[in-house]
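User: I am new to this structure and would like to learn how to read it. Could you take me through it one feature at a time?

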Amino acid sequence: MLESDILNHSFDRIRAAIAADLQIALKSRDRIAVAALRGALGALDNATAAPIAPGTPSAPEVPRHLPAASDLAAALQHEIDTRVTAAREYQRLGRTALADDFHLEADIIRQCLRHLRVRPGAVAP
């Protein structure tokens, strides 16, 4: 099996696992989990987007590149860090309910790292 086939299989497996978690969250109407898991899937999709040079007309079908697991973990870690920063700011402003929501979202995305077999916090911000 080629390395690209292995990376593609791993990415597909990870994305499918998170999408399955999203389906459960949607059925249970867990708005916090839905927001977090959609954010995680978006971050993974963005991490696989092929770079396009400025001024190049966009093509409807551009092959995605397959980043390493560490790149995918970094994309998820960025989502976690963004939510933790937002939670701290809402906490500072006295909006504790919103802060709690963002902390919960960060925790849910941290759990997505298990699909990459990465220990939460092991990725550099």
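Analyst: We will go from the overall make-up to pairs of helices and then to single residues. Please keep in mind throughout that this is a predicted model.

User: Which elements make up the protein chain, and in what order do they run from the N terminus on?

Analyst: A first reading lists the elements and their order. The protein chain has four helices and zero strands, and from the N terminus on the elements run α-α-α-α. Helix 1 covers residues 3-27, helix 2 covers 31-47 and helix 3 covers 69-92, while helix 4 takes in residues 96-112.

User: How much of the protein chain counts as buried, and what share of the contacts joins residues 24 or more positions apart?

Analyst: These two figures describe the chain as a whole. Of its 125 residues, 31% count as buried. Among the contacts with a separation of 6 or more, 64% are accounted for by residues 24 or more positions apart.

User: How should I read a pair of helices, and at what angle do the axes of helix 3 and helix 4 cross?

Analyst: For a pair of helices, one reads the distance between the axes, the angle, the handedness and then the residues that meet. The axes of helix 3 and helix 4 come within 8 Å of each other and cross at roughly 165°. Because angles over 145 degrees count as roughly antiparallel, helix 3 is roughly antiparallel to helix 4. The crossing of these two helices is left-handed. On the side of helix 3, the residues that take part include Leu76, Glu79, Ile80 and Arg83, and the residues of helix 4 that they meet include Phe102, Glu105, Ile109 and Arg110. Sorted by class, the contact of helix 3 with helix 4 has twelve nonpolar, three polar and four charged residues.

User: Is helix 2 roughly parallel or oblique to helix 4, and which classes of residue does their contact have?

Analyst: The reading follows the steps used above. Helix 2 and helix 4 pack with their axes 9 Å apart, at an angle of about 50°. That angle makes helix 2 oblique to helix 4, and their crossing is right-handed. Among the residues of helix 2 in this contact are Arg31, Ile32, Leu37 and Ala40, and among those of helix 4 are Asp101, Leu104, Ile108 and Cys112. By class, the contact of helix 2 with helix 4 has ten nonpolar, no polar and three charged residues.

User: Turning to single residues, is Ile14 buried or exposed, and which residues does Ile14 touch?

Analyst: For a single residue, one can read its place, its accessibility and its partners. Ile14 has its place in helix 1 and is buried, with a relative accessible area of 3%. Not counting residues up to four places away in sequence, Ile14 touches Leu44, Leu72, His115 and Leu116. The pair of Ile14 and His115 is 101 residues apart in sequence, yet 5.6 Å apart in space from C-alpha to C-alpha.

User: Where is Leu41 found, and which residues does Leu41 touch?

Analyst: Leu41 is found in helix 2, where its relative accessible area of 8% makes it buried. Leaving out residues up to four places away in sequence, Leu41 touches Arg15, Ile18, Ala19 and Leu22.

User: Is Glu79, one of the residues in the contact of helix 3 with helix 4, buried or exposed?

Analyst: Since buried means under 20% relative accessible area, Glu79 counts as buried at 17%. Apart from neighbours within four places in sequence, Glu79 is in contact with Gly39, Ala43 and Ile109. The C-alpha atoms of Glu79 and Arg110, which are 31 residues apart along the chain, are separated by 9.2 Å.

User: How do I read residues in loops, and are Thr48 and Arg29 buried or exposed?

Analyst: A loop residue can be read by the elements it lies between, along with its accessibility. Thr48 lies in the loop between helix 2 and helix 3 and is buried, with a relative accessible area of 1%. A polar atom of the Thr48 side chain lies 2.9 Å from the backbone oxygen of Asp45. Beyond residues up to four places away in sequence, Thr48 touches Phe11, Arg64, His65 and Pro67. Arg29, by contrast, lies in the loop between helix 1 and helix 2 and counts as exposed, at 77% relative accessibility. The phi angle of Arg29 is near 55°, a positive value in a residue other than glycine.

Note on methods: Residues numbered from 1 in each chain as written. Predicted model: local features only at pLDDT ≥ 70, side-chain atom pairs only at ≥ 80, totals over all residues. Heavy atoms only, no water. Buried < 20%, exposed > 50% of the residue type's maximum accessible area, 1.4 Å probe, protein only. Polar contact = N/O pair within 3.5 Å; in protein donor to acceptor, adjacent residues only side chain to side chain. Contact = heavy atoms within 4.5 Å. Axes fitted to C-alpha atoms, helices over the stretch in contact; angles between N-to-C directions. Parallel < 35°, antiparallel > 145°, perpendicular 65-115°, else oblique. Left-handed = near helix turned anticlockwise from the far one by under 90°. Nonpolar A, V, L, I, M, F, W, Y, C, P; charged D, E, K, R; others polar.
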